[in-house]
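I opened a fresh page for this one and went through the model helix by helix. Here are my notes, in the order I looked things up.

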Amino acid sequence: MPVFDLADLPAACPPNTPWLGLDLGEKTIGVAASDASRMIASPLQLVRKVKFTQDAEAVLKLMAGRNASALVIGLPLNMDGTEGPRAQSCRAFARNLDRIRPTPVAFQDERLSTSAVERFLIDELDLTRKRRADVVDRTAAAWILQGALDRLRG
């Protein structure tokens, strides 16, 4: 799978195609999608993890359904910027996905994205704990993807 620096990802993709953002958790994969102009990211779906092959097929099916040309995967760096086991797991997901279908990928630092989303869901939307559990991962994926889109616009 071609892994690109985020700044190089647009040149690797056909114009006017959306991207998907992924928040890879231990039990779920939060998925978000951008619009075709890559201006706005929206929460899309939550994929409950089963086995890698099934998880990858679910992501690839969502990509095909949206005609998405790339993935932006959240990279959970340590607070000091180093990569730990969770970041290595995200990189392994991308490598293993490449064996099924090569797709342009870029990683986006996701430090504190889940906490920021949790605070937003509590403070702004006043969601209960159960309701937050249903939306936090896909909302975190949208946060990650929106951060990447904003970075590209400067």
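Before listing any surface residues, I fixed my terms: exposed means over 50% relative accessible area, and buried means under 20%. I also noted that this is a predicted model.

**Entry 1: overview**

I started with the whole protein. I found four helices and six strands in its secondary structure. Along the sequence they follow the pattern β-β-β-β-α-β-α-β-α-α. The protein has 154 residues, and 45% of them count as buried. I then looked at contacts with a separation of 6 or more, and 65% of those join residues 24 or more positions apart.

**Entry 2: helix α2**

Next I checked the length of α2. Its 16 residues reach 23 Å from the first C-alpha to the last, close to the 22 Å expected at 1.5 Å a residue.

Which residues of α2 are buried? I noted Ala87, Cys90, Phe93, Ala94 and Leu97. They cover an arc of only 110 degrees around the axis, so they sit on the same side of α2. Pro85, Arg95 and Arg99 are exposed on the other side of this helix.

I also wanted the packing partners. The buried residues of α2 pack against β2, β3, α1, β5 and β6 (105–109).

**Entry 3: helix α1**

I gave α1 (residues 52–66) the matching treatment. Its 15 residues should span 21 Å at 1.5 Å a residue, and the end C-alpha atoms are indeed 21 Å apart. Buried here are Asp55, Ala56, Val59, Leu60, Leu62 and Met63. Because their arc around the axis is only 155 degrees, they lie on the same side of α1. On the other side I found Lys61, Ala64 and Gly65 exposed.

The buried residues of α1 pack against four strands and a helix, namely β2 (19–24), β3 (28–34), β4 (41–48), β5 (70–75) and α2 (85–100). One backbone detail I jotted down: asparagine 67, just after α1, takes a positive phi of about 55 degrees.

**Entry 4: where α1 meets α2**

How do the axes of α1 and α2 cross? They come within 10 Å and cross at roughly 75 degrees. The two helices are therefore roughly perpendicular to each other, as angles of 65 to 115 degrees count as such. Phe52, Ala56, Val59 and Leu60 make the contact from α1, and Phe93, Asn96, Leu97 and Ile100 make it from α2. By type, the residues of this contact divide into seven nonpolar, one polar and no charged.

**Entry 5: glutamate 110**

Is glutamate 110 buried or exposed? I located this residue in the loop between β6 and α3 (113–123). Glutamate 110 has a relative accessible area of 6%, under the 20% cut-off, so it counts as buried. Leaving aside neighbours within four places in sequence, its contacts are Asp23, Gly74, Leu75, Pro76, Arg86 and Ile144.

**Entry 6: glycine 147**

My last stop was glycine 147, found in helix α4 (residues 129–153). With a relative accessible area of 22%, glycine 147 is partly exposed, because that value falls between the 20% and 50% cut-offs. I then picked out alanine 41, which is 106 residues away along the chain. The C-alpha atoms of glycine 147 and alanine 41 are separated by 9.0 Å.

Terms used:
Residues numbered from 1 in each chain as written. Predicted model: local features only at pLDDT ≥ 70, side-chain atom pairs only at ≥ 80, totals over all residues. Heavy atoms only, no water. Expected span 1.5 Å × (residues − 1). Buried < 20%, exposed > 50% of the residue type's maximum accessible area, 1.4 Å probe, protein only. Arc of directions from axis to C-beta. Contact = heavy atoms within 4.5 Å. Axes fitted to C-alpha atoms, helices over the stretch in contact; angles between N-to-C directions. Parallel < 35°, antiparallel > 145°, perpendicular 65-115°, else oblique. Nonpolar A, V, L, I, M, F, W, Y, C, P; charged D, E, K, R; others polar.
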